[in-house]
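Got your viewer open? Let's take a walk through this protein, one selection at a time.

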Amino acid sequence: TLAVGNSGGPDSTCLLFLINKLLTDLRSKAMARQSIPTSVVSLSVNHNLQETSQSMAARSAANAAAMGVEHLTLDIPWGTPPFSAKPEAGQPMEQVAREARYHVIFDGMARSGAHSVAFGHHADDQVETSLMRLARGTTELGAGGMRRCRRWGMGTGDLEGGLGWVGHHGLNRWIMRPLLEVRKDRILATCEEHQLDYVNDPTNFQPEITLRNAIRQMLTLQEEGKDMSALSGLPQHISGSLDKIKIAAADLQEITMDLEGGLHQLHGAVKVLSSRLEDVDNEVTFHLKNLTLPSPPSTLILSSHALPTIVHPTVRLAFVLRVMRYISFHPWGSLRADGNRRRTSIQRIIDTLWQSDGAPSFTAGGGVLWQPAIFSAKRRLRVGTQCLGRQLQPGERFAWMASRLPAVPYYILDTAKLSSKLDVDITERLAIAMSRGDDSLEVLFDCRFLVRFDLSQIPEKLVGALRKYQETGVNVRIKPHTKYYWPKVVLRKPSYPDTTYATLMDDGQIDTFGHAPWVTMEYIRLLDAT
């Protein structure tokens, strides 16, 4: 099943019509055995933040019904955890509404069995997104705008079950934007040609509400040659962002972005930046394949002598960000996994990696520790201070290792008090899963490892302990071990040392200490571009 985000507006109505028509045509041509979705579901979100919310939700449902498409209306239950109270008039609501909208859309995808959702963002939206990112101080990578296809990611939240959190399930869900290179006027013409009914969200034309609206108004006024006085009196945070956009656009190195050159020129500029982003992604993938040396699980060892083959500053930036996202313990795909893209921090990483073989270990954000290393195919790996000032032996080479930043030194891991994200009590989850007769249980550990339990193979001693855990106080936990914070499963009894039942080893295998293979531990962070 393919989901389509449907607001009832012209963009999503056009997209729903085109996708439904395409799949219907393909099925009629006996292509059902190809790798294409067999059904479409329309998803609309009722924010209930304005007077027109109900009517727009009703229009979305009516449009889907007219096309013979299954439809789900997703209400945001403001004030019910994990959702905040409903934003009041005059409060900033763009980010809050966006997070709530994406949260219920993901739930809608899960309910309908959809692994991908298509949104109706078009070429004009792409320009607005590029300019909004410039206002936030993005790099030229960010100025390339939205990707045509990307993974959903683990979400933006920190806590399992919190707003924006989707966990490992988000690594197998996709967001697509098929209309990114299509102009708004073509979308409207398609709606008119096929007599598609839609509604326009009146708040889209109120520049005082959001920065995107203000950018849209600014571009419309410039396109029509009208006076900009209509933008006077905007809230300070919006007018200040418009000023930042003008400065940042003038400073771009890769392309000329003339805000007064009209939408046609801006479409071309953003298209060039988007194309450049895809080229950079491919270059980074190529370099990672050539530079990466055999590495312990959850780490990445990069050959120092090959790093200078990456010359372009933008490619170096993208390379570092890709490594950080792979290693970080922050949710995959979140800004925090990229070190919040702080320019000074990322530039420090670039300067150190490309200019020095003998620098000491350091961190510069994203939860990633960078350490000097000496790699040899025949000798054990040397990491950290033991590499400083050391002469290379035959067959050795300098390298950098990226690994998880330790919360505490590894030699006190067993005695230190750790956060609940690192010392995870899974007793109740195991007991409930067993009582339901489930075959397995999956637990995401540290946003890095997916720990799977085969409940049919669970050791008898653990089964017995779990039956009485509420009386005895015993519990089963996942904790980190080794300096790389690999997971291990332990049984904890009051006043007794922990008993280890499963650990991840250097070679990636699982030691279950003589028991049947009842646990698997998979490092699930991805090194690809999307």
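**Stop 1: a histidine in a loop**

Select His-168 and show what surrounds it: leaving out residues up to four places away in sequence, His-168 touches Glu-442, Leu-444, Leu-450 and Ile-524 (contact means heavy atoms within 4.5 Å). You'll find His-168 in the loop between β5 (149–151) and β6 (174–176). Helices (H or I, at least four residues) and strands (E, at least two) are DSSP runs, numbered from the N terminus.

Before moving on, a word about what you're looking at: this is a predicted model, where local features need pLDDT of at least 70, side-chain atom pairs count only at pLDDT 80 or more, and totals for chains, interfaces and linings use all residues. Residues are numbered from 1 along each chain as its sequence is written, and side-chain values use heavy atoms, with hydrogens and water left out.

Is His-168 buried or exposed? His-168 is buried, because its relative accessible area is 13% (buried is under 20%, exposed over 50%, partly exposed in between, with a 1.4 Å probe and protein chains only). Now zoom in on the side chains of His-168 and Glu-442, which are joined by a polar contact of 3.1 Å. A polar contact is a pair of N or O atoms within 3.5 Å; within protein, one must be able to donate a hydrogen and the other to accept it, and residues adjacent in sequence count only if both atoms are side-chain atoms.

**Stop 2: a small sheet**

Next, select β14, β15 and β20. They form an open sheet of 3 strands in the order β14-β15-β20, with antiparallel pairing (two strands pair if DSSP finds at least two bridges between them). At the edges are β14 (440–445) and β20 (519–523), each pairing on one side only. Between β14 and β15 (residues 449–454) there are 6 bridges. Try picking Phe-445: its bridge partner in β15 is Phe-449.

**Stop 3: a covered helix**

Jump to α4 (residues 123–135), a helix of 13 residues. How many of its residues are buried? The count is 12 of 13, so α4 is mostly covered. Colour the elements that cover its buried residues, including α1 (10–28), α3 (94–112) and α8 (262–291). Just after α4 comes Gly-137, with a positive phi near 85 degrees.

Now click Leu-259, in the loop between α7 and α8. Leu-259 counts as buried because its relative accessibility is 9%. Its C-alpha is 7.1 Å from that of Lys-246, although the two are 13 residues apart along the chain.

**Stop 4: a serine in a strand**

Select Ser-303, which sits in strand β8 (residues 300–303). With 2% relative accessibility, Ser-303 counts as buried. Its side chain makes a polar contact of 2.9 Å with the side chain of His-305.

**Stop 5: the largest core**

Finish with the largest nonpolar core, which has 77 residues. Such a core is a set of buried Ala, Val, Leu, Ile, Met, Phe, Trp, Tyr and Cys residues joined through side-chain atoms within 4.5 Å. Phe-319, Val-323, Trp-370, Phe-453, Ile-478 and Val-489 touch the most other members. Helix α9 (residues 313–327) gives the most to this core, with 10 residues. Centre on Trp-370 and look for its contacts beyond four places in sequence, among them Leu-302, Val-320, Phe-362 and Trp-400.

Conventions:
The expected span of a helix is 1.5 Å times one less than its number of residues.
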